[in-house]
Amino acid sequence: MKTAIATVSISGDLKEKLAAIASAGFDGVEIFENDFLAYDASPRDVGRMVRDHGLEISLFQPFRDFEGMPEPQRKRAFDRAERKFDLMQELGTDLVLICSNVSPISLGGIDRAADDFRALGEQAARRDIRIGYEALAWGRHVSDHRDAWEIVRRADHANVGLILDSFHTLARKVDPETIRRIPGDKIFFVQLADAPRFDMDLLYWSRHFRNMPGEGDLDVTGFMRAVAATGYDGVLSLEIFNDQFRSGSARSISVDGHRSLVFLMDQVKRIEPEVRIDVPEMPDRIDVDGIEFIEFATSDNEANALGSVLHTLGFRRTGRHIAKKVELWRQGAINIVVNTEQEGFAHSSYLMHGTNVCDIGLKVEDAQATVERARALGAEPFEQPVGPGELNIPAIRGLGGGVMHFIDRKSELAKVWEIEFRADMDEQSPENAGLMRIDHVAETMAYDEMLTWLLFYTSIFKTGKTPMVDVIDPSGLVRSQAVENLDGTFRITLNGAENYKTLAGHFLMENFGSAVQHLAFESSDIFGSAATLSRNGFRPLTISPNYYDDLDARLGLEEDFLETLKTFGILYDRDDRGGEYFQLYSPFFGEGFFFEIVERRGGYKGYGAANALFRIAAQKRHIRAKGMPKR
């Protein structure tokens, strides 16, 4: 499997781009002409620099407004091509992309275009150069790969072939199955891009909103299945025009790009097993059966405060680690680990972020297979020394440098709590609040990180993504999108902050980076849980009475029901199918972390986005005033 990416896809000058592309594991690069022209080095020096990075120049692009031009523009087009052939030979590449003509003076006609390409093919053959023709979705006369193929077919020249781009096909809603009829040896190059589904001008959509395969809404998998069925076994390249990517980290975007291509082809190979493209072997996407544990990194002093909060929530300390300063707190199927070690990963995490969720343990079918797939997709493995009697639990790095461990039921990992912990019960046990399991984990990050972590989760785990929603904060907008499995036992919400004035942005600033901001626990009886929490000393987030007045006006709730919601500080939402959602929040612990208790009724699938504004406003009233000392 040979991979490439267009230099236009990432930020930096040409030298910086090449370093990032090579580091991410790509085999080649598309040199976008403007990147070359803006770089102060000769073509030979640029070609040498590419090869010094272990890359090849897979394609030079773009050559515009060639076919179907009237004279004298036609002659100038052929002369321009000769100049570009000179440049390509100095660079050390043999394939150029010619995109379909958009000039208002260009002339239509498939035969006229085919004649031009046949003549250009003769010129190219004398230089051992190949011509790839691509249909732009907004081309003046050719905007469909079927017409572009017909021109290539009629040109009937060995040095003239087709270049396919998933965006141009899928944006125009052309059936990708039509690609299957094209001979694979006449497809010279394949460019891949996804995009969110928008109803807008095709050129503007293409130039500003493309993203990596798997990050958008287009059927790039279906497109690539059709390409693979032709017998194509050449380069797979990314051509991504995206304003966010061009201002982001070149290395991060490159890593995402390589991951997206490997993930895409892994999916394609599982559906089209006869593909000629050599796809890396890896386990299939991993089923997650839930969250096995959440681990907090903290200090001795702050552990007492955290323990007090857990106590009011109905958790009991049930065990201590056999060798480390680590406690186990439990309720229902929820395991909370509190780590106060003075060395190792958790301590480093505490020194960097303060008390925080440093580790998430997932229940999977095969822990080792999970790490194998993650590594094949470019995730960073995690290891630290294992002491006597401890298990070596497979793990990878996750959000913000945190860790994800994997527990399965097919190995001794299933007995981790019995093996690594000894019983040590609280002397004063709180009343069980009926919290059953972790409903979801909410991760907060900068908005430009969201696509990275969306791709991370969906490529490794058997999950889907929900539509993105806008969460209204009084100080700005937060984008939110969830990753979840089919049965709802694994849910991660990704919340992207666009500025530091929002609650999410404040958390990022105080936490020194992306992290878990809150945990949501599921109850089967929110009112019973709320009453028990109150007896345990829990004090919920104070919600404005105006919220409940409006709730009554909108939904016409029964008086007793509304009064119970108001008494306990519970927020309420209802979907169009009659599903109901109840939310009860804690005040902040530390600088912006909080707990949530939820109940879902009637198949409610969402996360209470309609209540976010009121919850955030209430939470902002609890934020420590600027300049006040921390307690």
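**Two helix pairs and how they cross**

Helices α5 and α6 cross in a right-handed manner in this predicted model. Two packed helices can be described by the angle between their axes and by the distance between those axes. For α5 (residues 110-125) and α6 (residues 145-155), the angle is about 55 degrees and the axes lie 8 Å apart. Because of that angle, α5 counts as oblique to α6, since it falls outside the ranges for roughly parallel (under 35 degrees), roughly perpendicular (65 to 115) and roughly antiparallel (over 145).

A look at the residues fills in the picture. On the α5 side, Ile110, Asp111, Ala113, Ala114, Phe117 and Arg118 take part, and they meet Asp147, Glu150, Ile151, Arg154 and Ala155 of α6. Sorted by class, this contact between α5 and α6 holds six nonpolar and five charged residues, with no polar ones.

The second pair sits further along the chain numbering, with α19 spanning residues 545-555 and α20 spanning residues 559-568. Here the axes come within 10 Å and cross at roughly 160 degrees, which means that α19 is roughly antiparallel to α20. The crossing of α19 past α20 is right-handed.

Which residues of α19 meet α20? They are Pro545, Tyr548, Leu551 and Asp552, and their partners in α20 are Leu562, Leu565 and Lys566. By class, the contact of α19 with α20 is made up of five nonpolar residues and two charged residues, and no polar residue appears.

Key. Residues are numbered from 1 along each chain as its sequence is written. This is a predicted model: local features need pLDDT of at least 70, side-chain atom pairs count only at pLDDT 80 or more; totals for chains, interfaces and linings use all residues. Side-chain values use heavy atoms; hydrogens and water are left out. Axes are lines fitted to C-alpha atoms, for helices over the stretch in contact, and angles run from 0 to 180 degrees between N-to-C directions. Helices (H or I, at least four residues) and strands (E, at least two) are DSSP runs, numbered from the N terminus. A crossing is left-handed if the near helix is turned anticlockwise from the far one by less than a right angle, and right-handed if clockwise. Contact means heavy atoms within 4.5 Å. Ala, Val, Leu, Ile, Met, Phe, Trp, Tyr, Cys and Pro count as nonpolar, Asp, Glu, Lys and Arg as charged, and the others, Gly among them, as polar.
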